[in-house]
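Biologist: Please take a single part of this model and describe it closely, with the cut-offs behind each term.

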Amino acid sequence: MGYTDNMSPEVKQRIVQELVPGKQISLAHIIANPDRIMYEKLGLDPSVDYAKSAIGILTVSPSETAIIMGDIAVKSSGIDLGFVDRFSGSLIITGTVSEVEASVNAILDYVGNTLGFAVCPVTRT
């Protein structure tokens, strides 16, 4: 057992971390003009016009809300659904920068104002 400067036994602490699911969007990110390799590695349609493309990534808790978010995304603009996971709460959408941005904003508006979720700001790269 180690000792501190005052020669008393060192106290070790155990930290227990838990995920307490709430109603929140924890990530809302838009990748404008991603490289082709991003599409390939994510399993998205590689035949898109990369000069006019964007990827939107969102995560939500509870995870089943990803289904609702996918529905809102499709209905709010001309995006394509890249991936919806009702178990992890992940949603990936693709389209033009303006389509992806419109869908992400529509999602955040609905879940924030109608469902009462905590919503994070949209980030971009």
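Modeller: What follows looks at one pair of helices and at the salt bridges that involve them. The model is predicted, so local features need pLDDT of at least 70 and side-chain atom pairs pLDDT 80 or more, whereas totals for chains, interfaces and linings use all residues. Residues are numbered from 1 along each chain as its sequence is written, and side-chain values use heavy atoms, without hydrogens or water.

Helix α2 (residues 65-76) and helix α3 (residues 97-114) have axes that come within 8 Å and cross at roughly 130°, the axes being lines fitted to C-alpha atoms over the stretch in contact, with angles from 0 to 180 degrees between N-to-C directions; helices are DSSP runs (H or I) of at least four residues and strands (E) of at least two. The two helices are therefore oblique to each other (neither under 35, over 145, nor 65 to 115 degrees). From α2, Thr65, Ile68, Met69, Ile72, Ala73 and Ser76 meet Ala102, Ser103, Ala106, Ile107, Tyr110 and Val111 of α3 (heavy atoms within 4.5 Å). By class, this contact has 9 nonpolar, 3 polar and no charged residues, where Asp, Glu, Lys and Arg count as charged and Ala, Val, Leu, Ile, Met, Phe, Trp, Tyr, Cys and Pro as nonpolar, the others being polar.

Within α2, the side chains of Lys75 and Asp71 form a salt bridge at 3.1 Å, N to O (Lys or Arg nitrogen within 4 Å of an Asp or Glu carboxyl oxygen). Lys75 is exposed at 65% relative accessibility, while Asp71 is partly exposed at 36% (buried under 20%, exposed over 50%, partly exposed in between, 1.4 Å probe, protein chains only). Glu101 of α3 pairs with Arg124 in a salt bridge, also N to O, at 3.1 Å, which links distant parts of the chain, since Arg124 lies in strand β6 (residues 123-124), 23 residues apart from Glu101.
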